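Hello,

Here is the structure I promised to pass on. My notes follow below it.

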Amino acid sequence: MKVVLFCGGYGMRMRSGAADDVPKPMAMVGPRPLIWHVMRYYAHFGHKEFILCLGYGAHHIKDFFLNYEETTSNDFVLRGGRTELLSTDIADWTITFAQTGVESPIGERLRRVRHHLDGDEMFLANYADVLTDAPLPEMIDRFAERDAGASMMVVPPQSSFHCVELGEDGLVGGITAVSELPLWENGGYFVLRQEVFDHIPENGDLVADGCAGLAKQGRTTAYRHRGFWKPTDTVKERAALDAAYTRGDRPWAVWERDGAGAGVRA
């Protein structure tokens, strides 16, 4: 299936200064940017047709792939001054680069690349800045078996704060960690059918309009994932992922764990 990646936002909390125009999906984790890790995850499961919804800092993403260096993450032999790759990672990917506006909300970005989906009944979508080890084939199969228009991966609340129950007299009746509440957060991994477009107006949102509209009809499902899931909304979160990569703790790299990408490293 085709994979739509939303990678045109400002990512203000990830920026280090006014002159920093690098979009959040291009923040580095190890020797590769976030967007590469997300795409490598999908490619591992056989989904290698990507549609990039570009916006802010689009030239950084274009330059990365136009000047991609396979030797960074693959073994090779240097013979007679020429490089002989022993494996590749993106050689069989198809990537469509689509400018979808600098200020466009995610729903509008999706609307603007609809023609690139060729009318496919089902497709995948992602924010391009969250890493996970979720079993994608299971996520897709469960959705395919349901009469639904959208499925979103949900995860337990990530906040370390506590909720406090107060009585009218101001006495605390209970304290509960947010992570222990019966709540779920949007995890940013979607499986969608074409009908989602019927619920996204011009300049609309994928979740607030598309998924919520289908939910009112009982046609949005959720895939609950309690495994590894890490966002990169802040510099601190990105740095934590980079540090994990350095010490070899990268559960999101399912291509390494499953042994299907022999000779390929994240």
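Is V164 buried, partly exposed or exposed? V164 counts as partly exposed, because its relative accessibility is 48% and the class in between runs from 20% to 50%. Keep in mind that this is a predicted model.

First, the strands. V164 sits in strand β11, which spans residues 162–166. Beyond its neighbours within four places in sequence, V164 is in contact with V172 and G174. Its C-alpha atom is separated by 8.8 Å from that of A177, and the two residues are 13 apart along the chain.

I175 belongs to strand β12. Its relative accessible area is 57%, so I175 is exposed.

Both residues belong to a nonpolar surface patch. The members are V164, L166, V172 and I175. Together they have about 400 Å² of accessible area. The patch draws at least two residues from each of β11 and β12 (172–177).

Now the helix. In α4 (residues 136–144), the residues L136, M139, I140 and F143 are buried. They lie on the same side of α4, because they cover an arc of only 95 degrees around the axis. The spacing fits the general rule: an α-helix has 3.6 residues a turn, so residues three or four places apart point the same way.

What do the buried residues of α4 pack against? Their partners are helix α1 (34–44) and the strands β8 (122–126), β10 (150–155), β13 (185–193) and β14 (220–224).

Best wishes

Conventions:
Residues are numbered from 1 along each chain as its sequence is written. This is a predicted model: local features need pLDDT of at least 70, side-chain atom pairs count only at pLDDT 80 or more; totals for chains, interfaces and linings use all residues. Side-chain values use heavy atoms; hydrogens and water are left out. Helices (H or I, at least four residues) and strands (E, at least two) are DSSP runs, numbered from the N terminus. Buried means under 20% relative accessible area, exposed over 50%, partly exposed in between (1.4 Å probe, protein chains only). Contact means heavy atoms within 4.5 Å. The arc is that of the directions from the helix axis to the C-beta atoms. Patches are made of residues with over 30% relative accessible area and no salt bridge: like charges are joined within 9 Å, nonpolar side chains (Val, Leu, Ile, Met, Phe, Trp, Tyr) within 5 Å. Accessible areas come from the Shrake-Rupley method with a 1.4 Å probe; for residues, only the protein chains shown count as cover. A salt bridge is a side-chain nitrogen of Lys or Arg within 4 Å of a carboxyl oxygen of Asp or Glu.
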